[in-house]
Amino acid sequence: MTRTVAVAIPRGVAAGNGVLAVAAAVGAGQLVAGLLAPGSSPFLAVGNAVIRLAPQAVVDFAKTTFGTADKPVLLAGTAVILLLVAVGAGLASRYVWTPGQVVVGALGVAGIAAVCTAPTFTPTDLVAPVVAAAAGLWVFRTLHRIALEAAEDPEAPSTRGLPRRTVLLGATTAVGVGALAAGGGGVLLGRGSIDSRAAVTARLAAATITREAPVPAGVDFAAELGTTPFLTSNDEFYRIDVALRVPQLRAEDWRLRIHGMVDRELSLSFDDLMARPLVERTVTMTCVSNEIGGDLISTARFVGVDLAAVLREAGPHGEQLFSTSTDGWTAGTPTDVVLEQGRGALLAVGMNGEALPVEHGFPVRMVVPGLYGYVSATKWVTDIEVTTFDRTSYWIDRGWGVLGPVKTECRIDLPRSFGRVPAGRVTVAGIAWSQPRGISGVEISVDGGNWAAAQLAAEVGGDTWRMWRAVVEVAPGSHTVRVRATDGTGALQTDQIADVVPDGATGWPARVFTAT
Ligand SMILES: Nc1nc2c(c(=O)[nH]1)N[C@H]1C(S)=C(S)[C@@H](COP(=O)(O)O)O[C@H]1N2
Ligand SMILES: [Mo]
């Protein structure tokens with residue numbers, strides 16, 4: 001009786017293939033992320049997702065054990081897990097390539113999922129994890145074929161004429177060197193702005209800043225109800241931009257030119273900006289594309305220079321401030337709004353105690369409370385031309401409204417959409433906003449019944465959102481809760497339903513839930 005023994009790749013080589021395939025994926029992802037957007041690195045995204053999803057106990061353990069090094073330690077932990085999975089993928093494929101390929105593919109999907117679910121996701125962020133997954137799959141498949149051929153007969157010539165063993169050695173070396181070079185290159189590409197950002201963060205920590213009062217207690221119900229926290233962390237802050245490549249600037253190289261219909265042209269360096277009075281302002285930013293119930297709204301403590309003061313020095317005579325970012329994006333802001341007494345527009349350099357994150361406009365962006373971002377919040381801003389409204393900016397050319405004032409709106413966070421809650425006393429909670437007018441009241445109605453006042457959280461100011469909550473009595477069954485807000489001037493939020501195009505959605509939000 002004859003028996004054919006299947007050829008197996010030696011264990012060490014098989015494990016090495018798994019590691020090299022995953023290294024190639026990580027390296028390629030890092031390189032593309034370095035070129036396009038540092039935040040789209042699939043490795044970092046997986047690491048951040050691990051941190052986001054990790055049980056609180058693990059995060060607390062890391063914090064108390066490693067202090068401020070908790071993040072690098074969690075990332076290193078992610079790397080170790082990745083390494084073990086990679087070894088497993090290689091070992092699973094000693095005979096045929098499929099099992100390992102499935103594991104490498106699953107890692108690729110995890111990378112894509114982690115990038116997509118990052119709060120700062122924009123579609124171009126997809127490029128890096130997709131390239132990473134493709135690189136991993138291709139390298140695994142290729143190395144597997146070469147290794148299997150070499151295992152069959154190491155000395156036999158390959159298609160290229162060299163002994164198969166030599167081809168295997170060459171291929172693994174090439175992949176290893178390539179992965180390291182790509183990964184290292186990717187890290188280096190983002191280095192300039194990363195170093196510059198760290199320097200700005202340090203300068204801000206030492207700078208004299210006119211601070212606002214600390215955020216008072218009772219501004220949100222995050223601790224009790226798990227609802228939206230008053231301040232949004234930089235990682236969680238919504239993000240909108242159209243840049244194919246996130247501009248990676250250095251503060252040292254930055255200049256802002258203010259020109260056009262002005263008495264005196266100004267050209268400011270970053271040092272010029274830092275030499276001016278720095279103020280802190282807590283602002284809720286909103287995107288005009290935020291649907292009813294959407295999450296394109298966040299709040300941060302910005303630090304920067306008063307934009308109106310800078311502008312008055314230039315002596316503006318045109319109705320529009322046409323601002324341009326280094327990526328070519330443009331916005332048009334009404335001059336009178338920026339100059340309005342108490343409006344508080346900023347050339348912002350800091351966000352929640354750090355320099356602006358690269359994705360949020362490092363080193364300098366505009367922030368104008370009360371205007372949607374598309375007409376005011378230019379990131380990576382380097383040019384402001386005072387002009388008329390004849391010149392049209394990026395989103396105006398695409399059919400959006402010219403003025404862009406924020407509309408009074410609210411959102412229901414609790415109960416969760418189509419959530420199930422025990423019948424009886426049910427907590428309804430959410431957010432309302434109407435920058436810069438503020439919120440003076442929120443009412444809720446269950447199943448079309450009377451409107452009842454919700455309890456408002458402590459108020460910070462007109463430029464920020466305000467949290468609200470209410471308790472309602474409901475019988476078992478399906479219910480609809482509806483909410484409406486009143487702004488600081490006493491005007492009730494409109495019930496007219498409007499689409500986000502051209503100047504912001506309106507309508508009273510409703511939510512259906514089931515009491516059991
Ligand atoms: N350079 C640049 N700045 C930009 C944009 C952009 O696409 N490019 N988008 C604007 C829009 S539409 C909004 S809502 C805000 C979002 O700012 P954020 O990404 O920091 O949340 O930035 C504004 N500034
Ligand atoms: Mo926006």
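**View 1. Strands β6 and β11 side by side in the predicted model.** This is a predicted model, and here we zoom in on β6, which covers residues 320–325, and β11, which covers residues 381–387. The two strands pair in the antiparallel sense, with six bridges between them. To find your way around, start at Gln320: its bridge partner in β11 is Thr387.

**View 2. The open sheet that holds this pair.** Pull back a little and you get an open sheet of five strands. Reading across, the order is β3-β2-β11-β6-β7, and the pairing is mixed. At the edges stand β3 (266–269) and β7 (330–334). Each has a single partner strand, so one side of each has no neighbour in the sheet. On average, neighbouring strands are turned by 15° against each other, direction ignored.

**View 3. Helix α11 packed on the sheet.** Now look at α11, residues 307–314, which packs on the sheet. This helix touches β2 (255–260), β3, β6 and β11. Its direction makes about 140° with that of β3.

**View 4. Helices α3 and α4 crossing.** Next up is a pair of helices: α3 (residues 56–66) packs with α4 (residues 70–92) at an angle of about 125°. Their axes are 9 Å apart. Oblique is the word for an angle that falls between 115 and 145 degrees, and that makes α3 oblique to α4. The crossing of the two helices is right-handed.

**View 5. Side by side at the α3 and α4 contact.** On the α3 side, the contact is made by Val58, Ala62, Lys63 and Phe66. Helix α4 brings Asp70, Val73 and Leu74. Sort the residues of this contact by type and you get five nonpolar, two charged and no polar.

How values were computed. Residues numbered from 1 in each chain as written. Chains lettered and ligands numbered in written order. Predicted model: local features only at pLDDT ≥ 70, side-chain atom pairs only at ≥ 80, totals over all residues. Heavy atoms only, no water. Pairing = 2+ DSSP bridges. Helix = DSSP H or I, 4+ residues; strand = E, 2+ residues; numbered from the N terminus. Axes fitted to C-alpha atoms, helices over the stretch in contact; angles between N-to-C directions. Contact = heavy atoms within 4.5 Å. Parallel < 35°, antiparallel > 145°, perpendicular 65-115°, else oblique. Left-handed = near helix turned anticlockwise from the far one by under 90°. Nonpolar A, V, L, I, M, F, W, Y, C, P; charged D, E, K, R; others polar.
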